[in-house]
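Open the model in your viewer and keep the sequence panel beside it. The tour below goes from one selection to the next.

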Amino acid sequence: MTSPSKLHRSVRSGLAPAAKALLFKSGALDVLRKVRPSDRLAILRYHAICGPEGYAYASPGICISPEAFEAHVAYLASNYNVLPLPEAVTALRDRRALPPNAVAITFDDGYADNLEAARALARHGLSATFYITAGCLADGEPFWPSELRYLIRALPVGRLTLEAAGRTITLDLTSDDGRDQAVGVLTKTFKAHPIAVREDLRSQLRARAGQVQLPRIMLTWDEVREMHALGMTIGSHTVTHPNLPNAGLPSARQELAMSRARLEQEIQAPVTMFSYPNGGAERYLTPDVQQAVREAGYEAATTSRNAFAGQGSDLYALERIEVQESLRELVFALEVERFAFKPEARHAAP
């Protein structure tokens, strides 16, 4: 059986760029939207809104330029029913029909560049959900996926040996490609172990890299409050961005509860939406973690599984749509991929 991620790549890459451009420019996708409107929910998954200047702190694969994002927002505002995620979740929970061609916009992590994204959304009368890593904002601990990129670049040329949970890790830092590979190896290692192992490895890297001055990468609490005042929904993305299954259930529960409590304290409003960190190929979601999310008081949680949410979706494992730079690719995803990807069955409530 073809995995959802492989099927997604196959559908997205199966049509030549020229053919997609023709479909977009000809208005064929607009006709499809009107003739066969979607009855499901497309939850878009954004991260950083930056160009190459942001590649120092975020993988290029999760960056959308400000110009492209502005084009996305303008097009969505004119052609889709963009709903606040809590409103869409309520409709799904109550099994009420969504408006045709419904879209919800989400952001993971809490990068500082998200403030301008929130302002752009507000200018167009739209709202989005911003999932904040509560312990890693500008006055907190460095956001480890970003700090890791800076530390690896600061390490001296050569081979580096680290110890992690009784295992030796050797990194080849003799080339730019080697450093890129080291980021990948350590990212997987950080995700695969409990938080204490992650922090021990981070301490080893800091000691080897020396004094590394990080720029401001994440939002401030004042900026989060401004975004909330603009009509944005503030959601939780844990305290320190661990892989929750590998962190262990006690640590996972703590991350879930502390993040929600801090966010509610700062914005003086309920926080009911959650997003699982570290989506992708690694296991980042289990039934036990889903249950912990419920028990922590969240009303819904989003994943990185590429599909459209619907009445059959599990509210604690909501599907989302991976977003790319090109507006043409976004519209292709919304109007063509929706016929290929079905929601997962809803789990029975405990």
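Start by selecting Glu319 and Arg305, which are both buried (under 20% relative accessible area, with exposed over 50% and partly exposed in between, for a 1.4 Å probe and protein chains only). This is a predicted model, where local features need pLDDT of at least 70, side-chain atom pairs count only at pLDDT 80 or more, and totals for chains, interfaces and linings use all residues. Residues are numbered from 1 along each chain as its sequence is written, and side-chain values use heavy atoms, leaving out hydrogens and water.

The side chains of Glu319 and Arg305 form a salt bridge, 3.7 Å from N to O (a side-chain nitrogen of Lys or Arg within 4 Å of a carboxyl oxygen of Asp or Glu). Glu319 is in strand β12 and Arg305 in strand β11, so the pair ties together parts 14 residues apart in sequence. Strands here are DSSP runs of E, at least two residues, and helices are runs of H or I, at least four, numbered from the N terminus.

Next, select Arg206 and Glu147, whose side chains meet in a salt bridge at 2.8 Å, N to O. Arg206 sits in helix α9 and Glu147 in helix α7, 59 residues apart. Glu147 is buried, at 5% relative accessible area, while Arg206 is partly exposed at 29%.

Stay in helix α9 and add Glu199 and Arg202, 3 residues apart. Their closest N and O atoms are 2.9 Å apart, in another salt bridge.

Finally, move to strand β7, residues 159–164: Leu160, Leu162 and Ala164 make up its covered face.
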